[in-house]
Structures are given as structure tokens and as C-alpha cells.
Amino acid sequence: MEVAAALKACPLFKDFSDVGIQIFAAIGVARAFPKGSALFQEGRTGDSLFIVHEGSVRLSAKSPTGGEVALAEVGGGEPLGELALIQKGERLCTATALTDVLAVEIRHADFQKLTTQKPQACVKLLMSVILHFSQKVRDNQGAMKSLVGKP
């Protein structure tokens, strides 16, 4: 898998030039996840952004009763765990490969080092992450209101 091609297919990088893509391709790591394996697990420290290149990933979380609740399914081009670039923190869900998955991983530590070398590119990616995440919040506004009991 070519890391740059995977980044180009991701909406986080849609406004990046080829040079910008190459900056992040240099720190991106190609990863393969066999069907059934976890890309990351709920409750564990999140320290990487993943971009699915090929395959399908299920996002799920534990319910208050201990069962597992399916949240979403994502495929090629989709980012996962994007907030881990901004700050390491506890994963809010589990990401499990529904098929064999090829993904690019960008680690928090590598991104932080890059901020001193290529600050403009990093700020551009952070703005893209914020816009992407805020769109997710807007798209799920109804579900969030139902959780707090508001119509």
C-alpha cells in the first residue's frame, strides 16, 4: 500500500497539495489488520490517528449493562481516532476489522515532532480534524439529544 495514496483518499487531506501529502506520508505507517482484529479498544489510551485505506471497520462501545453496541461502520478513506493527534486520551469506542483492513497510522508522538518542523502543515491538518469532527457532531445531533432526553 502506498501511504500517500491512502492519505489522498481521506477527507482530512482533501485540500492538501502533493507536497503536503508527502509531509504526512513520511510519518505515516502502513498497517495491516486481519479480519476480527482490533485497531484500537475502548478504554485504552489512544495515541494514533488511523486512516482506513481498504476494508471495513466496525465501531462499537460497551453499554451500561456490559453488552456491545454497534455505533458505525467505516470504510476506505475514513479517519478513525483523529482526536488522538491533538491529545492522547482514552478511546471512546472499539474499532474492529470486519474484513482484512489496510490502514495508515499517524502516531501522536510523530505528529508532535512534526509540529516543530512543519508547523503550517500541522495547523492545516488540525483545522481539518476540527472541521471533520464538528461535522460528525452536527450529523449526530439528534442521537445526542435523545441521550440527554431532549426532543
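**Exercise 1.** In this predicted model, classify phenylalanine 133 as buried, partly exposed or exposed.

*Solution.* The relative accessibility of phenylalanine 133 is 33%. Buried means under 20% and exposed means over 50%, with partly exposed in between. Phenylalanine 133 therefore counts as partly exposed. As to its place in the fold, phenylalanine 133 is found in helix H4.

**Exercise 2.** Determine which residues join Phe133 in a nonpolar patch on the surface.

*Solution.* The patch consists of Leu83, Ile86, Val123, Met127, Ile130, Phe133 and Val137. Together, these residues have about 560 Å² of accessible area.

**Exercise 3.** Describe the largest nonpolar core and the surroundings of leucine 125.

*Solution.* The largest nonpolar core holds 24 residues, and the members that touch the most others are Leu7, Phe13, Phe24, Ile106 and Leu125. At least two residues of this core come from each of helix H1 (3-8), helix H2 (18-25), strand S4 (48-54), strand S10 (101-107), helix H3 (108-117) and helix H4 (119-139). Another core, of 15 residues, lies apart from it and includes Val57, Ala61, Val74 and Ala97. Next, consider leucine 125 without its neighbours within four places in sequence: leucine 125 is then in contact with Leu12, Phe13, Phe16, Phe24, Leu85 and Phe111.

**Exercise 4.** State the strand order of the open sheet of 4 strands and identify its edge strands.

*Solution.* The order is S1-S10-S4-S7, and the pairing is antiparallel. Strand S1 (29-33) and strand S7 (79-80) each pair on one side only, and these are the edge strands. Between S1 and S10 there are 5 bridges. Alanine 32 stands opposite leucine 102 in S10.

Note on methods
Residues numbered from 1 in each chain as written. Predicted model: local features only at pLDDT ≥ 70, side-chain atom pairs only at ≥ 80, totals over all residues. Heavy atoms only, no water. Core = buried A, V, L, I, M, F, W, Y, C linked by side-chain atoms within 4.5 Å. Buried < 20%, exposed > 50% of the residue type's maximum accessible area, 1.4 Å probe, protein only. Contact = heavy atoms within 4.5 Å. Patch = residues over 30% accessible without salt bridge, like charges linked within 9 Å, V, L, I, M, F, W, Y side chains within 5 Å. Areas by Shrake-Rupley, 256 points an atom, 1.4 Å probe, with all protein chains shown as cover. Salt bridge = Lys/Arg side-chain N within 4 Å of Asp/Glu carboxyl O. Pairing = 2+ DSSP bridges.
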